[in-house]
Amino acid sequence: MENSTKITLGAIGLGLLTFHLYCKKQRKNDTPKVFYRKKLVNNYNGYVVPPFGVYIKESERDNLPLLEHELVHWKQFQREGLLPFLINYSKEAINKGYDANPYEIEARTVESDYCKENYTECIRTGQAVTAFNPNFRR
Ligand SMILES: [Zn+2]
């Protein structure tokens, strides 16, 4: 094997090990960093990016129910680990869609029973406690 190839593979291995150890550390972190941004992907109001932290739209900075919702997703990451969480969450999202995804329903702690099941409509029409956003997921 060429020396340059060995160095590249070594660097990739070191990067993966560093990421793995960071993931392990973050799974034990009950107070993830919260990043506030002007605009989030897909017009979301917030989401988690495990193992890095929680992202919240700047305009929702004082929205505690929304932060609470995202912290439930963080707990799901802590409970299952990065890859199982991402795989299981995605499977549920593909099979059941966003509104009926059990990971999402679990995170809708403060919502009414109706909004737990019909979250997108509730967010768009202002019935949800977590947020009001007419362009949610459009
Ligand atoms: Zn959610």
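Leaving aside residues up to four places away in sequence, which residues does Phe 35 touch? The legends below take that up after a quick overview of this predicted model.

**Figure 1. The whole chain, before zooming in.** This is a predicted model, and its protein chain has six helices and three strands. Reading from the N terminus, the order of elements is α-β-β-β-α-α-α-α-α. Along the principal axes, the C-alpha atoms fill a box of roughly 60 × 30 × 30 Å. There are 138 residues in the protein chain, and 20% of them count as buried. If you take contacts between residues at least 6 apart in sequence, 35% of them join residues at least 24 apart.

**Figure 2. Phe 35 and its contacts.** Back to the opening question: Phe 35 touches Gly 53 and Tyr 55, with residues up to four places away in sequence not counted. Phe 35 itself sits in strand E1. It has 14 other C-beta atoms within 10 Å, so it comes out as partly exposed. For a long-range reference, take Cys 122: it is 87 residues from Phe 35 in sequence, and the C-alpha to C-alpha distance is 25 Å.

**Figure 3. Asn 42, a non-glycine with positive phi.** Look in the loop between strand E1 (34–37) and E2 and you'll find Asn 42. Its phi is positive, about 65°, even though the residue is not a glycine. Is Asn 42 buried or exposed? It counts as exposed, because just 9 C-beta neighbours fall inside 10 Å and the cut-off for exposed is 12 or fewer.

**Figure 4. A cis peptide bond between two prolines.** Pro 50 and Pro 51 are joined by a cis peptide bond, with omega at about 5°. The place to look for Pro 51 is the loop between strand E2 (46–49) and strand E3 (53–57).

**Figure 5. Helix H2 against helix H3.** How do these two helices pack, and at what angle? H2 (residues 64–80) and H3 (residues 82–100) meet at about 120°, and their axes are 7 Å apart. That angle is why the pair is described as oblique. The crossing of H2 past H3 is right-handed. On the H2 side, the contact is made by Gln 76, Phe 77 and Glu 80, while H3 brings Leu 82, Pro 84, Phe 85 and Asn 88. Sorted by type, the residues of this contact are four nonpolar, two polar and one charged.

**Figure 6. Ala 93 on helix H3.** Staying with H3, this view picks out Ala 93, which lies in that helix. Ala 93 has 14 C-beta neighbours inside 10 Å, so it counts as partly exposed. Once residues up to four places away in sequence are set aside, Ala 93 touches Tyr 98 and Asn 101. Glu 104 makes a handy distance marker: it is 11 residues from Ala 93 in sequence and 9.1 Å away in space, C-alpha to C-alpha.

**Figure 7. The largest nonpolar core.** Which members of this core touch the most other members? The core has 13 residues, and the answer is Tyr 119, Cys 122, Ile 123 and Ala 128. E3, H2 and H6 are the elements that give two or more residues to it. Zoom in on Ala 128 and, leaving out neighbours within four places in sequence, you get contacts with Glu 111, Cys 115, Tyr 119, Cys 122 and Ile 123.

**Figure 8. Arg 137, in the segment after helix H6.** Follow the chain past helix H6 (119–125) and the segment after it holds Arg 137. Here's another positive phi on a residue that is not a glycine, this time about 60°. Arg 137 has 13 C-beta neighbours inside 10 Å and therefore counts as partly exposed.

**Figure 9. Gly 10 in helix H1.** Helix H1 (residues 3–27) is where Gly 10 is found. With 10 other C-beta atoms within 10 Å, Gly 10 is exposed. If you want a distance to check in your viewer, try Arg 79: it is 69 residues from Gly 10 along the chain, and their C-alpha atoms are separated by 31 Å.

Key: Residues are numbered from 1 along each chain as its sequence is written. This is a predicted model: local features need pLDDT of at least 70, side-chain atom pairs count only at pLDDT 80 or more; totals for chains, interfaces and linings use all residues. Axes are lines fitted to C-alpha atoms, for helices over the stretch in contact, and angles run from 0 to 180 degrees between N-to-C directions. Helices (H or I, at least four residues) and strands (E, at least two) are DSSP runs, numbered from the N terminus. Angles under 35 degrees count as roughly parallel, over 145 as roughly antiparallel, 65 to 115 as roughly perpendicular and the rest as oblique. A crossing is left-handed if the near helix is turned anticlockwise from the far one by less than a right angle, and right-handed if clockwise. Two residues are in contact if their C-beta atoms, placed from the backbone, lie within 7 Å. Ala, Val, Leu, Ile, Met, Phe, Trp, Tyr, Cys and Pro count as nonpolar, Asp, Glu, Lys and Arg as charged, and the others, Gly among them, as polar. A nonpolar core is a set of buried Ala, Val, Leu, Ile, Met, Phe, Trp, Tyr and Cys residues joined through C-beta atoms within 7 Å.
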